[in-house]
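User: I would like a careful, close look at one part of this model, with the cut-offs stated wherever a term depends on them. Please start from the charged side chains and then set them in their surroundings.
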Amino acid sequence: MGHYPWLRIAGCAVIAGTNDLLALFTEAERQHLPRPEQEDEDTDWWFGYRSTSRALRDRLQAQGMTADQARYDLEQELARWGRPDPGPPDGWTGPVPSAEDVLEKITTSIALPYDLQAALVDDGLLDTVFIRMSERTVLRLLVDRAPETAVVDLDLSQLTGGCCFPYDMDKARAADARAGQLAASRELSPLLVLTEGPTDARLLTKAMRVTHPHLSGFVSFLDFDLPASGRPEGGVSALAKTTTAFIAAGVANRFIALADNDLPAHQALAKLKTRGVPGHCRVLHYPPLPLLASYPTLPPEASTPVVADINGIAGTLELYLGRDVLTGSDGQLAPLPLNAAGAGGFASQDKKAMQDRFERKCDTALAGPSGKDPEGDWSAVRAIIDTILHAFDPPQT
């Protein structure tokens, strides 16, 4: 058998073990057993992972490797045999088999006693068919034709010592393989950004098309604009709940909870930050801005604007739409009303007017020549996107 991991189904059908297959097992299925005396092997112990065809079939199904998908993959592979390029794999000189031929051969092979020298039936058809197919597809084809309770072994015994290298039998191999899969999928899947509500998601999505069009398909803001019956609750408390739900559900994507840079948002997310989040999640706020470090405000009872630092106090989305959006017809920045706690925000009609102006600014920029710098102030939007892009950078020392 050589110093390789091997996967057996019902004690006979054999394919080479890989990390993709190892990731389909759980640590509860890891076993280290005395090898029966009648087995002539290099080691006295059997070590590996042992499950059933039903369990592996269900796990593949949950991951989207369905029976129909496996059958389609098989038909596509056989169709390649009938074309000059690439043609059948090297060494095959017979007629192109049908999918039914292959499936019947699988059923027959699983029923045969295991024989290493003639694994998967003497004529080599299955070995030839499988050589260019993914291990997950091959496994699905096999387990679909094995009894539900058939034992599926991933034999790691040959790796436990000897002339090659020591193999730690106490290490969580299957769990590590699955973690590696999830890490790879996180790296390749879009970076998901959760916001306080649909307005934030809509405006930031449109703004990113202006400032960072190359990130389309790589950064995705959660779309709250769903039918009324399924429309999620908005606000920072809903953002905290959604983030908690994503963590609890084991969402594989890297994702960011992005909230306003104001006092209510910092307070609402403080518990979540203190409790801690997994490594593929970040809880962030809109970044501090020089503009907000000295912004005109209207505290309670004030008759004239008072310049104040509102970073972390009242930094709502409207204050990140650009100085041009915030400037009124008098040429002055629109004063921000504050409450007794020091937090605050614009009145709803003023917020709507600012959002509309920003959308028109985006539309104008998107309608302009490609590659030309958009007119207007986009510095705050760029700061938000930079915050998102660098969210998972290692801490600076």
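Which residues are linked with Arg54 in a network of salt bridges?

Analyst: The network of salt bridges links Arg54 with Arg57, Asp58 and Glu148, a salt bridge being a side-chain nitrogen of Lys or Arg within 4 Å of a carboxyl oxygen of Asp or Glu. The model is predicted, so local features require pLDDT of at least 70 and side-chain atom pairs count only at pLDDT 80 or more, whereas totals for chains, interfaces and linings use all residues. Numbering starts from 1 along each chain as its sequence is written, and side-chain values rest on heavy atoms, with hydrogens and water left out.

Within this network, the side chains of Arg54 and Asp58 meet at 3.9 Å, N to O. Both residues belong to helix α2, where 4 residues, or about one turn, separate them; helices (H or I, at least four residues) and strands (E, at least two) are DSSP runs numbered from the N terminus. Arg54 is partly exposed at 46% relative accessibility, and Asp58 is likewise partly exposed, at 38%, on a scale where buried means under 20% relative accessible area, exposed over 50% and partly exposed in between (1.4 Å probe, protein chains only).

Helix α2 also supplies Arg59, whose side chain meets that of Glu29 in a salt bridge of 2.8 Å, N to O. Because Arg59 sits in α2 (residues 53-62) while Glu29 sits in the loop between α1 (19-22) and β3 (30-34), this pair ties together parts that are 30 residues apart in sequence. Of the two partners, Arg59 is partly exposed with a relative accessible area of 24%, whereas Glu29 is buried at 12%.

A further salt bridge joins Glu75 and Arg71, again at 2.8 Å, N to O, and these residues lie 4 residues apart in helix α3 (residues 67-81), about one helical turn. Glu75 is partly exposed at 35% relative accessibility, as is Arg71 at 28%. The structure as a whole holds 16 salt bridges.

Turning from charged to nonpolar surroundings, the largest nonpolar core has 42 residues, among which Phe221, Leu258, Tyr295, Leu319, Phe358 and Ile388 touch the most other members; such a core is a set of buried Ala, Val, Leu, Ile, Met, Phe, Trp, Tyr and Cys residues joined through side-chain atoms within 4.5 Å. Elements giving two or more residues to this core include β6 (191-194), β8 (255-259) and α13 (348-367), and the largest share, 6 residues, comes from α8. A second, separate core of 41 residues includes Leu21, Phe47, Leu60 and Leu156.

Strand β8 has 5 of its 5 residues buried, so the rest of the structure largely encloses this strand. Phe255, Ala257 and Ala259 point one way from β8, while Ile256 and Leu258 point the other way. In general, the side chains of a regular strand alternate between the two faces of the sheet. Strand β8 pairs with β6 in the parallel sense over 3 bridges, where pairing requires that DSSP finds at least two bridges between two strands, and Leu194 stands opposite Ala257 of β8. Strand β10 (residues 281-285) also runs parallel to β8, joined by 5 bridges, with His285 in β10 as the bridge partner of Ala259.
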